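This report describes selected features of one protein model. The sequence and structure are shown first, and the description follows.

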Amino acid sequence: MRISRVLFSIVSLVALAACAKGAEDGAMTERESPGMLATAPDPAAVRRAIDSANAALTDAFSKGDAMALAAHYESDGAIMMPNGPAWKGRAAIEENGKGMFGEIALSDMKLTTEDVVVSGDLAVETGTYALKVTEKGGKAVPDNGKYIVVWRRQADGSWKIHRDIWNTDIALK
């Protein structure tokens, strides 16, 4: 059952990326798809933009800055973390981030991008993470795992997070 859910998720993501492509040359005009830009993005430039955003995102997590965290997401972006409901929309991301940062601190966070696939105005990043989680008054507990982030190019050419999901490699005890 779990394998079929994973396969469904992968097929859905591939279908979403395929739908983002334009007609014959992969480029759409603003009129054909509102919000989509007419020129195809340079994959190397997209990777640089994601690397830069990830550095700022890591800083926001490390500082416990919910506003800076939320600023990296589209207005309808979503965080889908393990063991809880999705945080849907920038306002919910900021609000839930404040609650989370009131209970825990994150340190030594490292995001390692393994792959970025660009299709039209979407980019799918896969990677791994490592960090330490400290409950208020507790000791630091290491965590590491993997993630998938779907980025979407904005009208101004910048990239914001559309969907963000991750899970730990640490087995439950």
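## Strand pairing

In this predicted model, Ile104 has Glu135, a residue of strand 4, as its bridge partner. The wider pairing is that of strand 3 (residues 104–119) with strand 4 (residues 122–135), which are antiparallel and joined by 13 bridges.

Strands 3 and 4 form a hairpin, with two residues lying between them. Within the turn, Gly120 adopts a positive phi of about 60 degrees.

## Helix 2: length and end

Helix 2 covers residues 43–63, a run of 21 residues. At 1.5 Å a residue, a span of 30 Å is expected; the C-alpha atoms at the two ends are 30 Å apart, so the model agrees with the expectation.

Gly64 comes just after helix 2 and has a positive phi of about 65 degrees.

## Helix 2: buried and exposed faces

The buried residues of helix 2 are Val46, Ile50, Ala53, Asn54, Leu57, Thr58, Ala60 and Phe61. Viewed down the helix axis, these buried residues fall within an arc of 155 degrees, and they therefore line one face of the helix.

The face turned away from the buried side of helix 2 carries Arg48, Ala55 and Lys63, which are exposed.

## Confidence of the model

The protein has a mean pLDDT of 83, and 78% of its residues reach 70 or more. Over residues 1–34, pLDDT stays under 50. For that segment, the model has 26 contacts beyond four places in sequence.

Methods. Residues are numbered from 1 along each chain as its sequence is written. This is a predicted model: local features need pLDDT of at least 70, side-chain atom pairs count only at pLDDT 80 or more; totals for chains, interfaces and linings use all residues. Side-chain values use heavy atoms; hydrogens and water are left out. pLDDT is the predictor's confidence in each residue, from 0 to 100. Contact means heavy atoms within 4.5 Å. Two strands pair if DSSP finds at least two bridges between them. Helices (H or I, at least four residues) and strands (E, at least two) are DSSP runs, numbered from the N terminus. The expected span of a helix is 1.5 Å times one less than its number of residues. Buried means under 20% relative accessible area, exposed over 50%, partly exposed in between (1.4 Å probe, protein chains only). The arc is that of the directions from the helix axis to the C-beta atoms.
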